[in-house]
Amino acid sequence: MSNKLKVVVSRDLGPDVMPLLLDNKELDVVVWPHNSVCDRKWLLENAAGASGILVMLSEKLDAELFDAAGPSLRVVSTMSVGYEHADLKELAKRNIRFGYTPDVLTDAVADLSIMLALMAGRNTKETTEIVQSGQWPNFVWSPFAFCGPQLSTTSTSPKRTAGFIGFGRIAQATLARLVPFGFQHCLYAANPSTPADPAADAALAAKYGVRELRRVLLAELASESDVVFVLAPGGPATYHIVDEKFLRAMKRSAVLVNTARGTLVDSDALAKALHEGWLYGAGIDVVEGEPKIGADHPLVKAPRCVVLPHIGSATTDTRIGMATLAANNLLGGLFGKDMPAELNTSR
Ligand code: DGY
């Protein structure tokens with residue numbers, strides 16, 4: 001019998017990060033050998049006797065997996081900031097420590113949120129399609145062709161407001177990027193179970209240098225915002241928070257950006273809203289039911305809707321940062337040390 005601790009890793013983390021695990025003489029590392037989503041049956045079989053498991057968003061972390069691992073399991077680490085794939089109650093009940101990857105992806109996702117606001121507002125869906133399909137010769141430059149709302153604003157332009165559903169790290173990093181675009185007004189909606197804190201809002205307004213920063217109800221956020229960023233966690237509490245009622249209340253010139261989770265937006269309602277012009281456009285990095293999103297999906301077919309395949313954190317630096325953090329979380333949990341980003345599962 002080997003004294004080594006078995007760890008199971010559901011994807012190869014690449015040459016910068018795998019040595020953290022593979023070169024550790026105290027570990028017996030089992031890695032899913034393919035460049036594809038880890039097969040559930042393989043994971044359950046290989047989890048047997050594992051002390052640590054490192055997974056992606058695609059792997060369900062539930063009682064079945066923890067049972068398959070058995071009592072040796074000390075730590076589970078996910079290479080993601082989101083953890084709606086994890087049964088936190090089961091983890092807490094079994095005293096299994098849990099690590100995730102906040103902070104390292106904040107800038108990458110905030111960058112992409114701005115990119116999608118620009119892409120949706122400037123209708124890059126239709127305009128790039130025109131070029132790609134060889135149709136450009138049929139379009140002459142003309143005064144108002146392809147015109148959409150401008151993101152940047154100046155002190156002499158009409159007031160423009162950024163709205164955030166969820167106002168955590170990524171939302172605030174997105175606001176920081178909007179300030180140089182001239183934004184001075186920020187509204188946000190937060191989890192109704194947390195109390196409002198006007199003093200904290202005033203401090204944030206001063207920090208980001210905006211004139212207005214207020215927590216509001218969803219109805220006001222929908223009707224007052226020129227660009228709405230969906231940046232709250234997934235899960236039952238936020239399911240379809242952007243629904244037909246919300247979309248009908250939006251300005252016809254507004255843009256919606258979702259870089260959080262697909263489940264927050266009712267896809268059918270958004271497709272209908274875009275077809276009927278309740279808002280100008282949408283930039284969507286996440287779609288409910290992903291990755292099973294074919295060319296016939298209502299949002300892929302919807303006008304002025306840019307859809308990306310969940311690439312918010314997909315920069316090389318960020319992914320190396322996430323993989324490193326996930327590996328270090330695993331090591332901390334295995335050896336009873338601090339984990340750089342441990343989630344308190346018993347809250
Ligand atoms: C996460 O980490 O939860 C993201 O959605 C992946 O980029």
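**Notes on cysteines, Lys337 and Phe246**

1. The count of disulfides here comes to 0, a disulfide being a pair of cysteine sulfur atoms within 2.5 Å. Keep in mind that this is a predicted model, where local features need pLDDT of at least 70, side-chain atom pairs count only at pLDDT 80 or more, and totals for chains, interfaces and linings use all residues. Residues are numbered from 1 along each chain as its sequence is written, and side-chain values use heavy atoms, with hydrogens and water left out.

2. Two cysteines to look at: Cys38 counts as buried because its relative accessibility is 7%, and Cys186 counts as buried at 0%. Buried means under 20% relative accessible area, exposed means over 50%, and partly exposed is in between (1.4 Å probe, protein chains only).

3. Lys337 sits in the segment after α13 (316–334). With 55% relative accessibility, Lys337 counts as exposed. Leaving aside residues up to four places away in sequence, Lys337 touches Arg97 and Gly332; contact means heavy atoms within 4.5 Å. As for Val81, it is 256 residues from Lys337 along the chain, and their C-alpha atoms are 21 Å apart.

4. Phe246 belongs to helix α10 (residues 244–249). Helices (H or I, at least four residues) and strands (E, at least two) are DSSP runs, numbered from the N terminus. Phe246 is buried because its relative accessible area is 5%.

5. What does Phe246 touch, not counting residues up to four places away in sequence? Its contacts are Ile165, Leu218, Leu221, Ala222, Val228 and Ile241. Ala326 is 80 residues from Phe246 along the chain, with 37 Å between the two C-alpha atoms.
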